[in-house]
Amino acid sequence: MANSVGLPVKTVVLVSLLIAGAAQAQTVAPGSGSPASAPAPGETAPVPVGPVKPLLYGVIYGERGWIAYIEDPTTRGTAAYRIGDTVAGQTIEAIEEERVVLKGPDGALEIRLSDEKPGAPQRPR
């Protein structure tokens, strides 16, 4: 089943959920301070291991071509990107239905929709 521009319905639904989730993630309860939570007393914050790669949350194809919804690990913001745009110091080389290829000083990096997302519920296997 596809809509009038040939997008699979699952992609449109995924993008709708992505937008709703991003809006909810940016909402901070009054008086709660910042959206980032501090570790509990006696706990230490997790230490990142190596560079953190961008996270791919959605891909759509529209009138002007492919658009990828990517979270930049340096700003922790999710935005729409096209081929040629830069995210986390890397240039987007290709956008496909399930993956995005980035090119940076360390070579090519592939990010996929199926990559683990921190804080996301685990899918049953």
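pLDDT is the predictor's confidence in each residue, on a scale from 0 to 100. This report concerns a predicted model, in which local features require a pLDDT of at least 70 and side-chain atom pairs count only at pLDDT 80 or more, while totals for chains, interfaces and linings use all residues. Residues are numbered from 1 along each chain as its sequence is written, and side-chain values use heavy atoms, with hydrogens and water left out.

**Confidence**

The chain has an average pLDDT of 74, and 54% of the residues score at least 70. Over residues 23-35 the pLDDT stays under 50, and the model has two contacts (heavy atoms within 4.5 Å) beyond four places in sequence for this stretch. Residues 1-5 also stay under 50, with six contacts beyond four places in sequence. Among the elements of the chain, the lowest mean pLDDT belongs to α1 (50) and the highest to β5 (97); helices (H or I, at least four residues) and strands (E, at least two) are DSSP runs, numbered from the N terminus. Where pLDDT is low, the predicted coordinates should not be read in detail.

**Sheets**

Strands of a sheet pair through backbone hydrogen bonds, either parallel or antiparallel. Here, two strands count as paired if DSSP finds at least two bridges between them. One open sheet has three strands in the order β1-β2-β3, with antiparallel pairing. Its edge strands are β1 and β3 (78-81), each of which pairs on one side only. Neighbouring strands of this sheet are turned by 20° against each other on average, direction ignored; the axes are lines fitted to C-alpha atoms, for helices over the stretch in contact, and angles run from 0 to 180 degrees between N-to-C directions. Four bridges connect β2 and β3 in the antiparallel sense, and Ala68 stands opposite Tyr81 in β3.

A further open sheet, of four strands, follows the order β4-β5-β6-β7 and is likewise paired in the antiparallel sense. β4 (86-87) and β7 are at its edges with a single partner strand each, so one side of each is left without a neighbour in the sheet. β6 and β7 pair over six bridges, and Arg99 stands opposite Arg112 in β7.

**Nonpolar core**

A nonpolar core is a set of buried Ala, Val, Leu, Ile, Met, Phe, Trp, Tyr and Cys residues joined through side-chain atoms within 4.5 Å. Buried means under 20% relative accessible area, exposed over 50%, and partly exposed in between (1.4 Å probe, protein chains only). The largest such core comprises 12 residues, among them Ala68, Tyr81, Ile92 and Leu102. At least two residues of this core come from each of β1 (55-62), β2 (65-71), β5 (90-95) and β6 (99-104).

**Salt bridges**

The structure holds five salt bridges, defined by a side-chain nitrogen of Lys or Arg within 4 Å of a carboxyl oxygen of Asp or Glu. Three of these pairs are tabulated below.

| Pair | N to O distance |
|---|---|
| Lys53 and Asp115 | 3.3 Å |
| Glu71 and Arg76 | 3.2 Å |
| Glu110 and Arg112 | 3.1 Å |

Lys53, in the loop between α1 (9-26) and β1, and Asp115, in the segment after β7 (107-112), are 62 residues apart, and their pair links distant parts of the chain. Lys53 is partly exposed, at 31% relative accessibility. Glu71 is buried at 11%, whereas Arg76 is exposed at 62%. Glu110 and Arg112 are both partly exposed, at 34% and 32% relative accessibility, respectively. Salt bridges with shared partners join Glu110 and Arg112 with Glu96 and Arg99 into one network.
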